[in-house]
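Q: I would like a close look at a single part of this model. Please take one site and work outward from there.

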Amino acid sequence: MIKVSAEPYPFTFDHAHVALLCIDFQRDFVEPGGFGESLGNDVSLLRSTIEPTRRVLDAARRHGWTVVHTREGHRPDLSDLFPAKRDRGRPTLRIGDDGPMGRLLVRGSEGHDIVPELAPAPGEVVLDKPGKGSFYATDLETILRARGITHLVVTGVTTEVCVQSTVREANDRGFECLVLSDCTGSYFPQFYESALAMFKAQGGIVGWVGTSADLLNALDTTEETTS
Ligand code: TIU
């Protein structure tokens, strides 16, 4: 068993039953000219999440974990896009409109791609989702259950939107979630802090919060003591 120092208390799991979730590390959220910026956000606030997530991804690959990359986006004909989502916020550019990285949040466009640093490797699960939560209208639960996954290490953007929705969905389905604080980011520092505080409050009502260093230390320590 791996025991990671975390809040509100250590998170334990084994390699066979854990998956790494990389939520929506898409150019549309992290790079200028994408959907995130079209909503009026400073996307540079998310860049610091990439390096630590890269280290965690490397470790997950070394240990043979299931790795799941999610992408928020829509079919090119927008048949899976509710008007409520398209029109909310009355942005100047809407989902499906042409931007500098192609059509905003549309599958197949440049902006919809995962940033190159965190690009999926062959054999990893890439899951397209039309909503904020990764379980809504996807086969994620089936994929995880088929592999006997019970524990999720969660990274991604943004903390209080797609990450929070996903962790809450996962928690209600009985998955144990560790969110890595330096591997998630928000356009709103106060929402980032609040979302992480909410996860771990009340004895971990939604899950655990730790850091990439906590996780990597635990993996290194376990490797040393078992080799
Ligand atoms: N706007 C915002 O903060 N996030 C999203 O729209 N999607 C995700 O969080 N991926």
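Which atom of C162 lies 3.1 Å from an oxygen atom of the ligand, backbone or side chain? Please go on from there to the helix that holds C162 and to its surroundings.

A: The model is predicted, and the values below are computed from it. In C162 a backbone N or O atom lies 3.1 Å from an oxygen atom of the ligand. Two side chains also make polar contacts: a polar atom of T158 is 2.8 Å from a ligand oxygen, and an N or O atom in the side chain of K132 is 2.9 Å from a ligand oxygen. The ligand exposes 280 Å² when taken alone, and the protein buries 93% of that area. Around the ligand are D24, F29, F35, L39, E72, K132, V157, T158, V161, C162 and Y187.

C162 belongs to helix 6, where it is buried. Helix 6 covers residues 159-172, 14 residues in total, and spans 18 Å from first to last C-alpha, close to the 20 Å expected at 1.5 Å a residue. Other buried positions in this helix include T159, E160, V163, Q164, T166, V167, E169 and A170. In an α-helix there are 3.6 residues a turn, so residues three or four places apart point the same way. The cover over the buried residues of helix 6 includes strand 3 (18-23), strand 4 (66-72), strand 7 (125-129), strand 8 (151-157), strand 9 (176-185) and helix 7 (189-204). After helix 6 comes G174, which has a positive phi, near 90°.

One of the covering elements, strand 8, contains L152. L152 counts as buried because its relative accessibility is 0%. Beyond its neighbours within four places in sequence, L152 contacts F11, A19, L21, L144, A170, F175, E176, C177 and L178. Its C-alpha is 8.6 Å from that of H17, although the two residues are 135 apart along the chain.

Next, the nonpolar cores. The largest has 39 residues, and F13, L20, W65 and L215 have the most contacts inside it. Elements giving two or more residues to this core are strand 1 (2-4), strand 2 (11-13), strand 3, helix 1 (27-30), helix 3 (50-62), strand 8, strand 9 and helix 8 (212-226). Helix 3 supplies the largest share, 5 residues. F13 touches M1, I2, V4, V18, W65, H151, L215 and L219, leaving out residues up to four places away in sequence. A second, separate core has 24 residues, among them V68, V125, V163 and A170. Of these, V163 and A170 are also among the buried residues of helix 6.

Methods. Residues are numbered from 1 along each chain as its sequence is written. This is a predicted model: local features need pLDDT of at least 70, side-chain atom pairs count only at pLDDT 80 or more; totals for chains, interfaces and linings use all residues. Side-chain values use heavy atoms; hydrogens and water are left out. Helices (H or I, at least four residues) and strands (E, at least two) are DSSP runs, numbered from the N terminus. The expected span of a helix is 1.5 Å times one less than its number of residues. Buried means under 20% relative accessible area, exposed over 50%, partly exposed in between (1.4 Å probe, protein chains only). Contact means heavy atoms within 4.5 Å. A nonpolar core is a set of buried Ala, Val, Leu, Ile, Met, Phe, Trp, Tyr and Cys residues joined through side-chain atoms within 4.5 Å. A residue is near a molecule or strand if one of its heavy atoms lies within 4 Å of it. A polar contact is a pair of N or O atoms within 3.5 Å; within protein, one must be able to donate a hydrogen and the other to accept it, and residues adjacent in sequence count only if both atoms are side-chain atoms. Accessible areas come from the Shrake-Rupley method with a 1.4 Å probe; for residues, only the protein chains shown count as cover.
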